[in-house]
Amino acid sequence: MHPILFEIGGVPIYAHGLFLVLALLVGTAMLGYEARRRHWPREEVVPITLAAIFGGAIGARLAILFFNGWETAPIVLNFFTIFDPRIGPGSILGGVVGAYIGGYIASRIIGKAGCACDAFAPAMALAMAVGRIGDFLAAEDGIGKPTNLPWGVPAPGVDYLVHPAPLYDSAFNLAWFATLLLLRDHPQMQNGNLLKVGVIGYAAFRFLVEFVRNNPVLVLGLTGQQVFCLALLVAATLYYARQNRNARNACAT
Amino acid sequence: MKLERKTYATRNQKVGDFVIGIALWHVTLLIFWLLNVGLGIGVSVLLASNPDLIALASTATMLLSCLPFVAQIGLVIYFGLTRYWIALGMLATFALYFVLTLCAMIIFGAACFAILGGLSGSPGF
């Protein structure tokens, strides 16, 4: 592992921070490209993106309370620590949901009819694919659980091989990015559906990958992240079931 | 209460409100920061004379430190519905500082949340 990638004039360059910034850059570039391709006007992209950043930053922090317990409350609930570079930005799951809520509220406030937010879906997957490489290099959360599989990797502080869980995440997100690119022009993947599918796909994958990660178990042998993903998947199922019922009723009348 | 939305006629009006948003973001946080510092001093004095109040004091400190969340979210939504460009100024300021913080993580090495419980007593947290 290489938590410190290299030094410039004695200043350490941390893998986690560097890949986080690279993720932000590629995600923003992809969002800009998709927004332009979809002819999404700047007057809508800018406020929705800013609101998504605001919601995402807050959601990423608040989710930590659920995942890591109340003992993190003095830091997580302190607004000023959002701007402390010695503290990580928080959970990507909470960030995604917070960004979604922030973007949704902004859309409603600017009176946007329909949803052009599908431009976020491939950008999000690509950013996560890049960001997770930093997590791997920084050996975040001990990387993963012990394994005898041939691709197991050594982890700091243990004498056995572990699952390279952040790399699984990165590989999935890269494949998911390609899938979302293929789906992006499908008629049924418009008006917010591509973003929903993007989030649902990641939640399903994250539920599975949590079995080889080191996060604390919350209930019924499941980690907080798995409970969160299950809740997201149930909510999505209910939403699409309702949509289907409404569509069928509309056809019947 | 019916909220009335301002209609912007000129570019100058938009820029003016955007600048107000930037200033408002800073002023709000400055007020809360000063309250935090004041409460911190008050709590130290109180605990020196009555150490049994530590649980109450830490709860009060934590509640005050999370008030900016409520205030910022409330103000952004309120101004989003009334004076849109003020809300945009506040959001842009937040995003700028947030991105700068992420950039600073390149040289600071952010701590993982799993160990943050142990850092809560450190200065600056």
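These legends go with close-up views of a predicted model.

**View 1. Helix α4 of chain A, end to end.** Here's α4(A), running over residues 92–109. With 18 residues at 1.5 Å a residue, this helix should span 26 Å, and its end C-alpha atoms sit 25 Å apart, which agrees.

**View 2. The two ends of α4(A).** At the N-terminal end, Ser91(A) does the capping: one of its side-chain oxygens lies 3.1 Å from the backbone nitrogen of Leu93(A). Just past the helix, Gly111(A) takes a positive phi of about 70°.

**View 3. What's tucked away in α4(A), and what covers it.** Plenty of glycine shows up among the buried residues, including Gly94(A), Gly95(A), Gly98(A), Gly102(A) and Gly103(A). Leu93(A), Val96(A), Ala106(A), Ser107(A) and Ile109(A) are buried too. The cover includes α2, α5, α7 and α8 of chain A, together with α2 (54–81) of chain B.

**View 4. α2(A) against α4(A).** These two helices pack at an angle of about 145°, their axes 6 Å apart, and the crossing is right-handed. On the α2(A) side, the residues in contact include Gly55(A), Gly56(A), Gly59(A) and Phe67(A); among their partners in α4(A) are Gly98(A), Ala99(A), Gly102(A) and Gly103(A). Sorted by class, this contact has ten nonpolar, nine polar and no charged residues.

**View 5. Chain B, the helical neighbour.** Chain B has three helices and zero strands, so to speak an α-α-α pattern along the sequence. Of its 125 residues, 34% are buried. Take the contacts between residues at least 6 apart in sequence: 70% of them join residues at least 24 apart.

Methods: Residues numbered from 1 in each chain as written. Chains lettered and ligands numbered in written order. Predicted model: local features only at pLDDT ≥ 70, side-chain atom pairs only at ≥ 80, totals over all residues. Heavy atoms only, no water. Helix = DSSP H or I, 4+ residues; strand = E, 2+ residues; numbered from the N terminus. Expected span 1.5 Å × (residues − 1). Buried < 20%, exposed > 50% of the residue type's maximum accessible area, 1.4 Å probe, protein only. Contact = heavy atoms within 4.5 Å. Polar contact = N/O pair within 3.5 Å; in protein donor to acceptor, adjacent residues only side chain to side chain. Axes fitted to C-alpha atoms, helices over the stretch in contact; angles between N-to-C directions. Left-handed = near helix turned anticlockwise from the far one by under 90°. Nonpolar A, V, L, I, M, F, W, Y, C, P; charged D, E, K, R; others polar.
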